[in-house]
Amino acid sequence: MSLLEFYEMLAHNRPDVVIPHAINDVHTGHFNVFKRFGYCSLNPSPYNRREFYKISLVIGKGVLYYPNQRIEVNGSALLFTNTTIPYSWETTSEFQSGYFCLFTESFMRQRNESLREGLLSRIQENPVYPLNSIQVADISKVFEKMIAEMDSDYAYKYDLMRNYVNLLVHEAMKMIRLDTQSKITNASTRITTLFFELLERQFPIHSTDHVLQLRTANDFAARLSIHVNHLNHAVKEVTGKTTSEHISGRIATEAIALLQHTEWNISEIGYCLGFEYPANFNQFFKRQTMAVPRSFRDKNAQPPRHLDLWSGN
């Protein structure tokens, strides 16, 4: 989903929403902030990948459909979504409050790189951070300051916005267990990050005419211009899983998403994921999920509890 499409969706039932000019300026980037009240529809948002980052303070009930998870929000939570992970949000209660801000990669180009690697890559594992009442009050103040500054004529307000975004990132990072923050950024980490970015860039699949191009460790190593053994060693060192395990798990979660969010038949889904014959896709899917594809045609169907299909890095 592009920024323009997002604003058009917001403005559909809200004539007061003004679509900003130059929202795709690659030099300055884009930032905006809103109160959630009045913007939340009971209809699910489209399941796709956005071209912008979004941080939401969600107050109310809803369901986040993530590639390998169905995450229920019941109360208050800080929600992070990025440009690499497809998702859909479904509001499940009429009462909705809170705030959200959205920004592009170019807007945050001056951010601290360690923050991006420390948190924004880790939200592939869990993008939702439940909040208590004190945290809600503190984070609400940050969003209120954003809104006030957006209406001001302060010459450096967008620099201030970047600081507010980093403050929200820090609030989330404090909620992550201390031992997960000690990961050292080294060559293996950088290779692994590039691998995951390349892996996610292939998804979501929007058409049955699109066939997955990178399906093996050798495919990814060739694209990254490194030896496959080097790639395998780096990914294993950082994540504890093999490159092939991550690839297979991600293909399986995309298969589940397509089964739940499209009307394509199972043969079409298998073909666009790189399986020429339906039998091969069925065999792969059963090996990954311990279930047959047709059992996931209901979007509320969940992977068996013992499975961890894909959890990023």
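**Exercise 1. A salt bridge across the sequence**

Lys-35 has a relative accessibility of 45%; decide whether Lys-35 counts as buried, partly exposed or exposed. Then find its salt-bridge partner and say which elements the pair ties together.

*Solution.*
Step 1. Buried means under 20% relative accessible area, and exposed means over 50%. At 45%, Lys-35 therefore counts as partly exposed. Keep in mind that this is a predicted model.
Step 2. The partner is Glu-144, and the closest N and O atoms of the salt bridge are 3.9 Å apart.
Step 3. Glu-144 lies in helix 3 and Lys-35 in strand 1, so the pair ties together parts that are 109 residues apart in sequence.
Step 4. Check the partner in the same way. Glu-144 has a relative accessible area of 33%, so Glu-144 is partly exposed.

**Exercise 2. The length and faces of helix 3**

Test whether the span of helix 3 agrees with 1.5 Å a residue. Then work out where its buried residues lie around the axis.

*Solution.*
Step 1. Helix 3 covers residues 133-150, which is 18 residues.
Step 2. At 1.5 Å a residue, helix 3 should span 26 Å. Its end C-alpha atoms are 26 Å apart, so the two values agree.
Step 3. List the buried residues. They are Val-136, Ile-139, Ser-140, Val-142, Phe-143, Met-146, Ile-147 and Met-150.
Step 4. Look down the axis of helix 3. These residues fall within an arc of 160 degrees, so they line one face of the helix.
Step 5. Turn to the other side of helix 3. Ile-134 and Lys-141 are exposed there.
Step 6. Ask what covers the buried residues. The cover includes strand 1 (31-35), strand 2 (53-66), strand 3 (69-81), strand 4 (88-103) and helix 4 (157-173).
Step 7. Finish at the N-terminal end, which Asn-132 caps. A side-chain oxygen of Asn-132 lies 3.1 Å from the backbone nitrogen of Ile-134.

**Exercise 3. Two salt bridges within helices**

The structure holds six salt bridges. Take Asp-159 with Arg-162, and Arg-250 with Glu-254. For each pair, find the N to O distance, the spacing along the helix and the exposure.

*Solution.*
Step 1. Asp-159 and Arg-162 meet at 2.8 Å, N to O.
Step 2. They are three residues apart in helix 4, so about one helical turn separates them.
Step 3. Asp-159, at 41% relative accessibility, counts as partly exposed. Arg-162, at 15%, counts as buried.
Step 4. Arg-250 and Glu-254 meet at 3.4 Å, N to O.
Step 5. Both lie in helix 8 (residues 243-261), four residues apart, which is about one turn of the helix.
Step 6. Arg-250 is buried at 0% relative accessible area. Glu-254 is buried at 1%.
Step 7. Add Glu-200. Salt bridges with shared partners join Glu-200, Arg-250 and Glu-254 into one network.

**Exercise 4. Two sides of helix 6**

Sort residues of helix 6 into a buried side and an exposed face. Then name the helices packed against the buried side.

*Solution.*
Step 1. Helix 6 runs over residues 217-224, and its buried residues include Ala-217, Phe-220 and Ala-221.
Step 2. These residues cover an arc of only 100 degrees around the axis, so they sit on the same side of helix 6.
Step 3. The face turned away from the buried side carries the exposed residues Asn-218, Ala-222 and Arg-223.
Step 4. The buried residues pack against helix 5 (187-200), helix 7 (228-239) and helix 8.
Step 5. Look just past the end. Ser-225 follows helix 6 and has a positive phi, near 60 degrees.

**Exercise 5. A buried threonine**

Which backbone atoms does the side chain of Thr-289 reach or lie close to?

*Solution.*
Step 1. Locate Thr-289. The residue lies in helix 10 (residues 278-289).
Step 2. Its relative accessible area is 0%, so Thr-289 is buried.
Step 3. Its side chain reaches the backbone oxygen of Phe-285 at 2.8 Å.
Step 4. A polar atom of the Thr-289 side chain also lies 3.1 Å from the backbone nitrogen of Ala-291.

**Exercise 6. The whole chain**

Describe the chain by its elements, its burial and its contacts.

*Solution.*
Step 1. The chain has ten helices and five strands.
Step 2. Of its 313 residues, 49% are buried.
Step 3. Take the contacts with a separation of 6 or more. Residues 24 or more positions apart account for 73% of them.
Step 4. The accessible surface comes to about 15,700 Å², and 51% of that belongs to carbon and sulfur atoms.

Conventions. Residues are numbered from 1 along each chain as its sequence is written. This is a predicted model: local features need pLDDT of at least 70, side-chain atom pairs count only at pLDDT 80 or more; totals for chains, interfaces and linings use all residues. Side-chain values use heavy atoms; hydrogens and water are left out. Helices (H or I, at least four residues) and strands (E, at least two) are DSSP runs, numbered from the N terminus. The expected span of a helix is 1.5 Å times one less than its number of residues. Buried means under 20% relative accessible area, exposed over 50%, partly exposed in between (1.4 Å probe, protein chains only). The arc is that of the directions from the helix axis to the C-beta atoms. Contact means heavy atoms within 4.5 Å. A polar contact is a pair of N or O atoms within 3.5 Å; within protein, one must be able to donate a hydrogen and the other to accept it, and residues adjacent in sequence count only if both atoms are side-chain atoms. Accessible areas come from the Shrake-Rupley method with a 1.4 Å probe; for residues, only the protein chains shown count as cover. A salt bridge is a side-chain nitrogen of Lys or Arg within 4 Å of a carboxyl oxygen of Asp or Glu.
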